[in-house]
Amino acid sequence: MIEIRPVETDADYEAWRQIRLAVLPGERAPSVAELRRAETPQRLYLLAELGGEVVAHGAADRSNEADRAFVMARVHPDARRQGVGTALLPVLADHAYGQGFRIAGCSIDDEGSLAFAKRFGFTEFLRQVEQVRRIADEPWPAKPAEYDVVSVAERPELWAAAYEQVAIPTLPDLDTTSPMDVTAEEWATEWINDPAAMFLAVAGDEVIGVAGLMLDTDNPDRAEVAYTAVRPDWRGKAVASTLKRSSMAWAAEHGITEIYTWTQEGNANMRRLNEHLGFSYQQVSVNVRAELPLKGVQELGS
Ligand SMILES: CC(C)(COP(=O)(O)OP(=O)(O)OC[C@H]1O[C@@H](n2cnc3c(N)ncnc32)[C@H](O)[C@@H]1OP(=O)(O)O)[C@@H](O)C(=O)NCCC(=O)NCCS
């Protein structure tokens with residue numbers, strides 16, 4: 001029998017994390033502390049048990065894309081095709097609908113999961129590509145003449161300034177179909193996890209660019225590239241590549257052997273910058289969305 005219950009205890013959060021690690025072994029999974037820090041009344045995290053074993057998890061939350069919910073059911077690879085995903089997804093979608101959302105979306109990495117999502121009326125609207133870079137001997141870039149490069153560990157007060165001065169003006173440039181909506185609170189808690197691995201370009205009193213790494217305590221030799229952005233008035237001056245090279249030099253000094261990033265297929269500038277820095281292409285992920293309330297599989301006629 002399939003039983004679905006909300007995540008409550010630290011043990012539940014750890015079980016939730018373990019499902020994520022089993023389904024997405026190549027991706028950084030947030031720690032229990034990070035998951036707890038990001039709790040909001042709007043967010044719903046679920047566990048699904050089959051025969052008393054946790055075999056799946058679910059998440060429903062606001063998305064960083066304005067007015068859209070994020071819903072995601074993940075079933076352990078050993079427990080698929082037993083109806084668990086079908087039991088979980090409608091609960092998540094109903095929750096999002098109850099929160100006032102009329103569109104829900106998620107990203108999908110394989111054909112089988114896409115077939116599953118299509119049964120509920122999800123359709124593709126965007127693709128993201130994974131770019132990966134092996135880390136070897138990475139020299140620190142020469143000190144730029146027009147600005148300084150500092151880590152957030154050296155200048156912690158600048159992370160909040162970076163939200164106002166870099167994130168707010170640059171988030172609209174992402175190739176998303178609706179505007180990005182990232183709060184200052186989310187910027188402070190979810191967009192950075194080690195201040196020593198996050199770099200800022202600073203000209204006078206102003207932050208003009210950000211780039212860095214999100215470290216992974218489950219896989220310490222891999223790190224995910226964090227949000228990279230340069231203020232429009234400073235573009236074309238190698239600020240992003242200098243910041244990225246700084247984070248690659250930092251990675252080499254800290255035992256990291258590979259870094260990876262997901263970029264919207266349509267974000268040609270960022271893909272080109274990564275290509276220029278020696279990244280190569282790996283997986284493709286499909287972003288899908290559906291109107292809420294979700295249509296039942298029978299209503300869709302499949
Ligand atoms: C997508 C996912 C949640 C499905 O979970 P599941 O418990 O195996 O799904 P169900 O058993 O409820 O499948 C219901 C139906 O969906 C379709 N389906 C599910 N997986 C499929 C696959 N790999 N290939 C083709 N069709 C599939 C089938 O029609 C299936 O019915 P059937 O088994 O009688 O043929 C699971 O594969 C997963 O965790 N994928 C990775 C995360 C993800 O992409 N989630 C999608 C979020 S919307």
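1. A residue counts as buried if 20 or more other C-beta atoms lie within 10 Å of its own, exposed if 12 or fewer, and partly exposed in between. Alanine 238 has 14 C-beta neighbours inside 10 Å, so it is partly exposed. Alanine 238 sits in the loop between β11 and α7. Its phi is positive, about 65 degrees, although alanine 238 is not a glycine. Keep in mind that this is a predicted model.

2. Arginine 235 lies in that loop too, between β11 (229-230) and α7. It has 15 other C-beta atoms within 10 Å, so arginine 235 is also partly exposed.

3. Next comes helix α7, residues 239-253. How far should its 15 residues span? At 1.5 Å a residue, the expected span is 21 Å. The end C-alpha atoms are 21 Å apart, which agrees. Is α7 mostly covered or mostly open? It is mostly covered, with 11 of its 15 residues buried. Among them are Val239, Leu243, Met248 and Trp250. Charged names appear in that buried set as well, including Lys244 and Arg245.

4. Glycine 255 comes just after α7 and takes a positive phi of about 75 degrees. Compare its place with that of arginine 235. The two are 20 residues apart in sequence. In space, their C-alpha atoms are 31 Å apart.

5. Now the overall layout. The protein chain divides into domain 1 (2-129 + 286-291) and domain 2 (136-256). Note that domain 1 is written as two stretches of sequence. The centres of the two domains, taken over C-alpha atoms, are separated by 28 Å. Their contact takes 14 residues from domain 1 and 15 residues from domain 2. On the domain 1 side, α2 (32-37) and β6 (123-134) each give two or more residues. By class, that side has six nonpolar, two polar and six charged residues.

6. What about the inside? In soluble globular proteins, nonpolar side chains tend to be buried together. The largest nonpolar core here has 39 residues. Those with the most contacts inside it include Ala56, Val71, Leu88 and Ala104. Helices and strands both contribute: α1 (10-23), β3 (53-62) and β13 (280-291) are among the elements that each supply at least two residues. Which element gives the largest share of this core? It is α3, with six residues.

7. Take alanine 56 as a worked case. Leave aside its neighbours within four places in sequence. Its contacts then include Ile19, Ala48, Ala73, Val84 and Leu88. A second, separate core has 37 residues, including Val149, Leu200, Val210 and Ile256.

8. There is also a ligand to look at. Of the 21 residues around the ligand, which come nearest? They are Arg80, Gly85, Thr86, Gly112 and Ser113. β4, α3, β5 and α4 each supply at least two residues of the shell. The largest share, six residues, comes from α4. By class, the shell divides into 11 nonpolar, six polar and four charged residues.

9. Two backbone details remain. Arginine 81 lies in the loop between β4 and α3. Its phi is near 60 degrees, a positive value in a residue other than glycine. Is arginine 81 buried or exposed? It is exposed, because 9 other C-beta atoms lie within 10 Å. The other detail is a cis peptide bond between leucine 292 and proline 293, with omega about -5 degrees. Proline 293 is in the segment after β13.

Technical notes: Residues numbered from 1 in each chain as written. Predicted model: local features only at pLDDT ≥ 70, side-chain atom pairs only at ≥ 80, totals over all residues. Domains from an automatic or database assignment. Contact = placed C-beta atoms within 7 Å. Helix = DSSP H or I, 4+ residues; strand = E, 2+ residues; numbered from the N terminus. Core = buried A, V, L, I, M, F, W, Y, C linked by C-beta atoms within 7 Å. Expected span 1.5 Å × (residues − 1). Near = placed C-beta within 6 Å.
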